[in-house]
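Q: Hey, can you walk me through this one? I'm new to this, so please go slowly.

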Amino acid sequence: MGSGGRFSLGTANGGSIKSPMTDTLDTAAPAAPTASAAPAQAPLISARGLTKRFAAFTAVDAIDFDVAQGESFGFLGPNGAGKTSTMRMIGCVSPVTEGKLSILGLDPTTDGPRIRGRLGVVPQEDSLDTELSVRDNLVIYGRYFGLNRAEATRRAVELLDFVQLGERAKDKVEPLSGGMRRRLTIARALINDPSILLLDEPTTGLDPQARHLLWERLYRLKQRGVTLVLTTHYMDEAEQLCDRLVVMDKAKIVAEGSPRSLIERYSSREVTELRFPAGVQETLGAELEGLGDRIDRLPDRVLVYSEDGEAVAAQVHARGLVAETMLVRRSSLEDVFLRLTGRTLVD
Amino acid sequence: MAVATPSFESAPAGVPERSYFASVGAVFEHFWLLYIRTWRGNVIGNFATPTLFLLAMGVGLGSYVDKGSGVGMGIPYLQFLAPALLVSTIMQGAVFEATFPVMAGFRWVRRFHAMHATPITPAAVVGGFIGWLAVHATLVGAIFALVIVVFGAARSVGVILVIPVATLTALAFATPIAAFMAGQRDTNAFNSIWRFGVTPLFLFSGTFFPIERLPEVIRPLAWLLPLWHGADLGRALALGTVGDDPFRHLAHVMILSTVAVLGIVWMLRTFRRQLEGAR
């Protein structure tokens with residue numbers, strides 16, 4: 001990726017945990033995060049019994065979680081699981097109904113504006129000003145954080161390079177593609193050199209190429225020690241970006257861990273997917289029994305969980321079963337979710 | 001305000017806490033940026049509207065009025081019309097600013113939500129937006145006053161005082177309408193506001209003819225028409241007749257100010273609800 005500026009340098013040589021911009025954008029942030037070297041630090045975000053209710057509807061039901069400094073933390077779950085409501089509470093734009101929430105050691109109910117000054121937010125719904133130019137969107141946003149015009153402009157130029165929109169600086173937002181708008185929103189969220197970057201469904205609705213470019217940029221931020229908190233209903237996104245995640249379903253957290261540990265705990269190493277011709281799957285009963293460690297029958301296919309997917313495939317052949325297609329793959333978070341809730345993640 | 005946990009005091013401090021007025025200033029700046037982006041067209045429009053109206057109504061229609069019984073007070077129709085027309089035009093502009101831009105801010109462009117994700121509070125959004133409404137109204141009012149002077153329709157330097165009256169009237173209209181529009185999901189209400197509110201007020205609030213010409217029975221209703229207070233006060237200032245009935249004009253100021261303040265209080269409620277209550 002040929003981005004300009006200091007953002008592309010990464011931390012491969014030093015590996016020191018640093019905010020992405022402290023090296024270049026330090027004028028407004030004289031206090032570098034020196035304390036970040038200590039591993040056993042208090043969590044950046046801590047929630048206990050966190051609850052959000054809208055009248056009779058409970059969107060978030062007494063959830064607990066901690067996010068550590070420099071961590072990349074995800075909320076995985078289907079639409080309506082309560083991810084966005086949780087994010088809005090962390091973003092200090094939606095009052096906590098019940099429970100405790102602490103962000104950067106501060107309480108959102110009394111210190112909302114102060115916390116928001118340290119957050120970068122990429123909302124699910126675009127809120128770019130389509131009537132302003134790409135650069136002005138960043139500059140005015142910097143002004144909201146109290147940057148002077150010159151500093152806001154300097155950061156805007158740098159960040160536009162980072163998200164590869166430098167050449168579009170003077171264009172209007174209107175003609176930008178979905179992927180470009182998301183990148184611009186990410187650049188905007190970085191204008192205050194945030195301690196925590198909140199991303200709500202960052203790649204929903206983007207084409208695969210745009211998603212990968214976005215992931216690559218986020219990965220770079222993660223490498224530089226930015227704490228990322230994101231929601232997604234794409235398991236590949238969660239596997240790509242998250243060090244640790246919680247699976248949410250119906251306003252509650254149903255599992256928590258690293259992608260790998262969740263797969264180990266709730267799934268098997270490999271999955272053999274069998275698709276049978278129309279009408280055949282329903283007739284199969286005993287023929288499938290005993291295959292692998294566990295079997296899930298979905299409406300359109302059968303999933304066989306095992307340590308060795310190829311061995312299962314061989315067994316299927318040996319039993320004389322003829323699948324239309326047979327696929328052996330690594331187990332994914334999708335399988336974890338299916339195991340935990342009995343439903344697929346995206347429907 | 002709670003004291004921060006010490007371990008984070010020295011952590012990535014970065015941006016200092018903003019004062020309310022600095023936040024208001026940033027919100028104002030956003031709307032200013034949107035305005036100057038198309039300032040040529042805006043300013044030309046701001047000159048064109050009063051020019052056309054004063055030509056058609058003041059000069060054209062006025063020549064007939066003056067040949068007939070006139071508007072009384074021994075002044076030409078143009079001088080009678082101009083200050084009140086200034087006030088009602090500024091009022092209309094402010095009503096427009098309080099409808100579409102408010103809906104855009106919450107629903108289409110979502111710029112109010114974008115602001116709220118930063119240290120900007122709902123109260124600062126309200127403050128900055130009202131500041132913008134006031135500055136915009138004053139700016140357009142000043143241009144209108146300039147056109148009045150060019151037309152020779154200013155009877156005294158009092159025409160300058162019509163500008164703040166127009167701004168106050170604009171706020172008395174724009175703040176409750178902005179508060180109301182904040183909770184609207186579509187623009188249906190906008191059409192009703194215009195059809196049943198703004199247009200009748202524009203026609204019957206003593207801008208084009210003295211309300212004394214209305215049937216005696218409905219004349220007291222003028223006191224209920226917010227625009228009349230602004231038009232009557234503006235005209236009295238421009239003609240230098242405020243001293244004739246000081247209590248009436250003081251009452252105009254009080255009524256307009258009260259409505260504007262209530263509008264602001266209502267805005268604080270609805271803007272906060274929109275920004276914090278969304279699912």
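A: Sure, starting with the vocabulary: helices are DSSP runs of H or I with at least four residues, strands are DSSP runs of E with at least two, and both are numbered from the N terminus. One more thing before we start: this is a predicted model.

Q: Okay, so where does Glu201(A) sit?
A: Glu201(A) is in a loop of chain A, between S6 and H6.

Q: What's the phi of Glu201(A) like?
A: Phi is positive there, about 50°, even though Glu201(A) isn't a glycine.

Q: Is Glu201(A) buried or exposed?
A: Buried, because its relative accessibility is 3% and the cut-off for buried is under 20%.

Q: Which residue forms a salt bridge with Glu201(A)?
A: That's Lys83(A), and the closest N and O atoms of the two are 3.4 Å apart. Lys83(A) lies in helix H1 (residues 83-90) and Glu201(A) in the loop after strand S6 (196-200) and before helix H6 (208-223), so the pair ties together parts of chain A that are 118 residues apart in sequence. Lys83(A) is buried too, just like Glu201(A).

Q: And why would those side chains pair up at all?
A: As a general point, side chains of opposite charge can pair when their charged atoms come close.

Q: How many salt bridges are there over all chains?
A: The count comes to 32 over all chains.

Q: Got another one I can look at?
A: Try Arg182(A) and Asp126(A), whose closest N and O atoms are 3.4 Å apart. That pair also links distant parts of the chain: Arg182(A) is in helix H5 (residues 178-189), Asp126(A) is in the loop between S5 and helix H3 (134-144), and they're 56 residues apart. Arg182(A) counts as buried, at 6% relative accessibility, while Asp126(A) is partly exposed at 28%.

Q: What about Arg181(A), does it have a salt bridge or none?
A: It has one with Glu174(A), at 3.8 Å from N to O. Arg181(A) is buried, with a relative accessible area of 18%.

Q: Which residues are linked in a network of salt bridges?
A: In chain A, Glu273(A), Arg275(A), Asp300(A), Arg301(A), Arg329(A) and Asp335(A) are linked that way.

Q: Now Glu237(A). Where is that?
A: Glu237(A) is in helix H7 of chain A, which covers residues 235-241. This one is buried but has no salt bridge: the nearest side chain of opposite charge belongs to Arg211(A), 4.0 Å away.

Q: So what does the side chain of Glu237(A) make a polar contact with?
A: One polar contact is with the side chain of Thr203(A), at 2.2 Å. There's also a polar contact with the side chain of Trp215(A), at 2.8 Å. If you skip the neighbours within four places in sequence, the residues in contact with Glu237(A) include Pro202(A), Leu230(A) and Cys242(A).

Q: Changing topic: which residues of helix H2 in chain A are buried?
A: H2 runs over residues 108-116, and its buried residues are Pro108(A), Asp111(A), Gly112(A), Ile115(A) and Arg116(A).

Q: What do those buried residues of H2(A) pack against?
A: Strands S4 (98-103) and S5 (119-122) of chain A, together with helix H6 (111-116) of chain B.

Q: Oh, chain B. How many aromatic pairs are there over all chains?
A: A search of the whole structure finds 26. Take Phe204(B) and Phe209(B): their ring centres are 6.5 Å apart and their planes are at 80°, so the pair is edge-to-face. Both are partly exposed, Phe204(B) with a relative accessible area of 44% and Phe209(B) with 26%. Elsewhere, ring pairs link Phe31(B), Phe106(B), Phe112(B), Phe129(B) and Phe271(B) into a cluster.

Q: Back to phi. What's the phi of Lys250(A)?
A: Near 50°, so a positive value in a residue other than glycine. Lys250(A) is in the loop between strand S8 (244-249) and strand S9 (252-257) of chain A, and it's exposed, with a relative accessible area of 63%.

Q: Last thing: how many helices and strands does chain A have?
A: Chain A has 10 helices and 13 strands. Of its 347 residues, 55% are buried.

Key:
Residues are numbered from 1 along each chain as its sequence is written. Chains are lettered from A and ligands numbered from 1 in the order in which they are written. This is a predicted model: local features need pLDDT of at least 70, side-chain atom pairs count only at pLDDT 80 or more; totals for chains, interfaces and linings use all residues. Side-chain values use heavy atoms; hydrogens and water are left out. Buried means under 20% relative accessible area, exposed over 50%, partly exposed in between (1.4 Å probe, protein chains only). Lys and Arg count as positive and Asp and Glu as negative; His and the chain ends are not counted. A polar contact is a pair of N or O atoms within 3.5 Å; within protein, one must be able to donate a hydrogen and the other to accept it, and residues adjacent in sequence count only if both atoms are side-chain atoms. Contact means heavy atoms within 4.5 Å. Rings of Phe, Tyr and Trp (its six-membered ring) pair if their centres lie within 6.5 Å; planes under 30 degrees apart count as stacked, over 60 as edge-to-face and the rest as tilted.
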